[in-house]
Each structure stands twice: as C-alpha cells, then as structure tokens.
Amino acid sequence: MNDAEVVFLMGPTASGKTAAAVTLAERLPVELVSVDSALVYRDMNIGTAKPDAATLARAPHHLIDLVDPTDAYSAARFRDDALALIAEIRRRGRLPVLVGGTMLYFNALQYGLHELPEADPAVRAELDADAARLGWPALHARLAELDPASAARLEPTDAQRVQRALEVCLTTGRPMSAWLAEHPPAGLPYRLLKLALLPSERAVLHERIAVRFRQMLTDGLVDEVEALRRHYLDLDPALPSMRCVGYRQTWQYLDGHIDYRQLADQGVFATRQLAKRQLTWLRGMDDVEPFDCLRADLAEAVYERLAPCCERAGL
C-alpha cells in the first residue's frame with residue numbers, strides 16, 4: 001500500500017479532516033477531492049462547515065458547490081465525477097486525496113454500484129399513494145410476492161428501499177435481486193490507501209461537536225437558512241439539502257416548531273448521531289490505517305505518512 005495511487009482521508013465530523021488536508025495540499029503534490037454530500041450544495045456554507053474562501057485559495061477542493069439546494073446529487077453521480085477527476089489528477093502527475101465523511105460515497109467509489117433501471121416518477125408517485133393509504137409494511141408484503149429475495153433483506157419500514165425494489169419490479173417485470181445478480185459493480189481500478197481519523201476519547205469529539213455547532217449559530221446559521229428560503233422558492237424541508245444535519249433543525253426553528261434552545265440542543269444531538277454513524281462505518285473497515293484525531297500533531301502525522309508515498313511515486 002506504500003505505492004498508493006489514490007488516498008482516502010476519512011473521519012467523522014469535527015475530526016480535523018480539513019486541517020490535515022490543507023497541510024497536505026500546501027506541502028505535497030496532491031489535489032483534494034471533497035467526499036461530502038452537503039458540500040456539493042451552493043450557498044450552504046455555515047451549516048456544512050464548508051472551507052472558507054481563504055482556505056480554498058490555499059488548498060482548492062474539487063466537488064464543492066456543484067448544485068443548487070433544490071437539486072439532487074447521488075452516490076452514482078459522485079462516483080462518476082470522482083473517477084473522472086482521479087484520472088485527470090493522475091494525468092497531471094499529482095496524487096488524488098479524497099477527503100470527507102460521507103461514507104456511502106467512499107463505499108460507492110471503492111466497491112462500485114449496481115446498475116439499475118432509471119427511476120420512474122409516475123410509478124413512484126403511485127407507490128407513495130399506496131403507502132399513504134396502506135402503509136409501508138403492506139407494500140413490503142407486496143414486494144415479498146414479487147421479489148422474495150429483496151424483501152428478505154429489507155425491513156418492512158425501510159420505505160426508500162422497499163419503494164425502489166418495487167419500482168424495479170413494476171417497470172421491468174423482473175425482480176431487483178435478478179438485476180443485482182446480473183450487473184455486479186466494478187471496483188476502484190487503482191491501488192488505494194485509506195486513512196481513518198478516529199477519536200481516542202469519544203467524549204472529547206462530542207465536546208468539539210457541541211462547540212462547533214454553537215459557533216455555527218453564532219456565525220449566522222439561522223440567517224443562512226432564511227436567505228436560502230427566500231432565494232430558492234422551491235426549497236422544501238423534504239429535499240436532501242434541507243435534511244442535512246443543522247439545516248433540518250433550523251428549518252423547524254424558523255417554522256416555530258422548536259425554540260432557539262431546542263435548536264441548539266437538537267442540532268448538537270443530531271451531529272453527534274451523525275458522527276456515531278460515521279464511526280460505525282469506519283470501525284467496520286478492516287483495510288484502514290487509523291490516526292487518533294485528537295492528537296495535537298494530527299496534520300503533521302498524516303503528512304509524514306503520505307510524503308514517502310509521493311517521493312516513491314516520483315511526484
């Protein structure tokens with residue numbers, strides 16, 4: 001793994017990924033690619049902890065500010081964008097460093113995604129109407145008749161996946177399990193080094209999260225969401241952008257469903273839950289090199305790990 005062609009720099013929220021990445025960009029022949037499902041949205045800066053203009057000038061990141069908050073951005077699109085960038089960066093004689101905390105995107109890039117038929121809005125609308133009338137467990141029972149293998153691996157309350165499996169069945173006449181078997185995903189065609197920033201004391205990470213979220217409020221998160229609502233007239237709390245941690249709670253505050261103290265408390269809690277999910281992903285990986293994200297010299301330690309890789313590769 002010392003001759004890595006691509007590097008993943010992964011970690012939970014507030015683990016110091018950006019600081020480490022900036023150090024790498026300033027001192028090594030690398031280019032940074034953001035792996036963050038929230039940073040793709042324009043005008044969502046405070047609540048996403050998006051690097052500011054000065055930081056991006058020092059260490060440019062690819063795949064930031066790609067779409068409006070009213071648009072969709074998927075793991076499949078990320079994989080296509082990231083693969084194209086990796087090839088371009090390598091042609092420039094530099095090392096691609098993919099940095100972020102969206103583990104689904106990292107997983108999609110490393111292991112690939114199954115090719116499935118495109119979504120059918122009409123079928124989805126019909127399934128949504130059926131679910132509203134009958135409930136998702138009833139639709140899961142319908143799936144069990146059409147595609148027993150998919151139904152067996154899905155919970156009856158997993159609305160999104162039950163809907164997708166039914167949609168494939170209804171639009172193609174074939175079970176989704178058959179599609180998955182016949183269209184195996186392609187993995188990442190590069191030698192990979194995966195670095196994971198993990199906390200030696202979770203309580204310290206939790207405190208970092210609390211301090212950072214409250215700083216976001218001080219920096220104007222509420223004003224930011226108000227401005228988004230004014231500018232993007234089709235913005236809706238059900239959109240993926242507004243389901244991001246911090247934005248969902250701020251929307252509820254602006255609608256009068258929670259007060260300011262609840263906004264702060266619920267925002268911190270939701271961010272800690274996000275970190276928990278990220279850590280569960282990371283600790284389930286057996287091919288990572290861990291770094292204690294609480295160590296004072298984290299950025300220097302990550303630099304010292306990658307500097308020899310660049311040197312051996314002649315970069």
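S15 sits in the loop between β1 (6–10) and α1 (17–27). That loop is a good place to enter this predicted model.

Begin with the annotation. A UniProt "binding site" feature, from an unreviewed entry, covers T13, A14, S15, G16, K17 and T18. A UniProt feature with the name "binding site", again from an unreviewed entry, is placed at G11, P12, T13, A14, S15, G16, K17 and T18. Such annotations may be inferred rather than shown by experiment. S15, G16 and K17 appear in that annotation, and each can be examined in turn.

Take S15 first. Its relative accessibility is 0%. Buried means under 20% relative accessible area, so S15 counts as buried. A polar atom of the S15 side chain lies 2.6 Å from the backbone oxygen of P12. Look beyond the neighbours within four places in sequence. There S15 is in contact with L197, L205, R208, C293 and L298.

Next comes G16. This residue also lies in the loop between β1 and α1. G16 has 27% relative accessibility, so it counts as partly exposed. With neighbours within four places in sequence set aside, G16 is in contact with L197, R208 and L298.

Then the chain enters helix α1, where K17 has its place. K17 has a relative accessible area of 12% and is therefore buried. The K17 side chain reaches the backbone oxygen of G11 at 3.2 Å. Leave aside the neighbours within four places in sequence once more. The contacts of K17 are then L9, M10, G11, P12, V99, G100, G101 and L197.

Now step back to the sheet. Six strands make up an open sheet, and their order is β3-β2-β4-β1-β5-β6. The pairing is parallel. At the edges stand β3 (61–62) and β6 (289–292), each of which pairs on one side only. Follow the sheet to the β6 edge. Strand β5 (residues 192–198) pairs with β6 in the parallel sense, over four bridges. Within this part of the sheet, L198 stands opposite D292 in β6.

A helix also lies across the sheet strands. Helix α4 (residues 103–111) lies across β1, β2 (30–35), β4 (95–100) and β5. Helix α4 runs at about 160° to β1.

Finally, turn to the cysteines. C293 is one of the contacts of S15. C293 has 2% relative accessibility, so it counts as buried. C310 is buried too, with a relative accessible area of 2%. How many disulfides does the structure hold? The count is zero. C310 shows the reasoning. A disulfide needs two cysteine sulfur atoms within 2.5 Å. The cysteine sulfur closest to that of C310 belongs to C309, and it is 6.7 Å away, too far for a bond.

To retrace the route: the loop between β1 and α1 holds S15 and G16, and K17 follows in helix α1. S15 is buried, G16 is partly exposed, and K17 is buried. L197 is among the contacts of S15, of G16 and of K17.

How values were computed: Residues numbered from 1 in each chain as written. Predicted model: local features only at pLDDT ≥ 70, side-chain atom pairs only at ≥ 80, totals over all residues. Heavy atoms only, no water. Buried < 20%, exposed > 50% of the residue type's maximum accessible area, 1.4 Å probe, protein only. Helix = DSSP H or I, 4+ residues; strand = E, 2+ residues; numbered from the N terminus. Contact = heavy atoms within 4.5 Å. Polar contact = N/O pair within 3.5 Å; in protein donor to acceptor, adjacent residues only side chain to side chain. Pairing = 2+ DSSP bridges. Axes fitted to C-alpha atoms, helices over the stretch in contact; angles between N-to-C directions.
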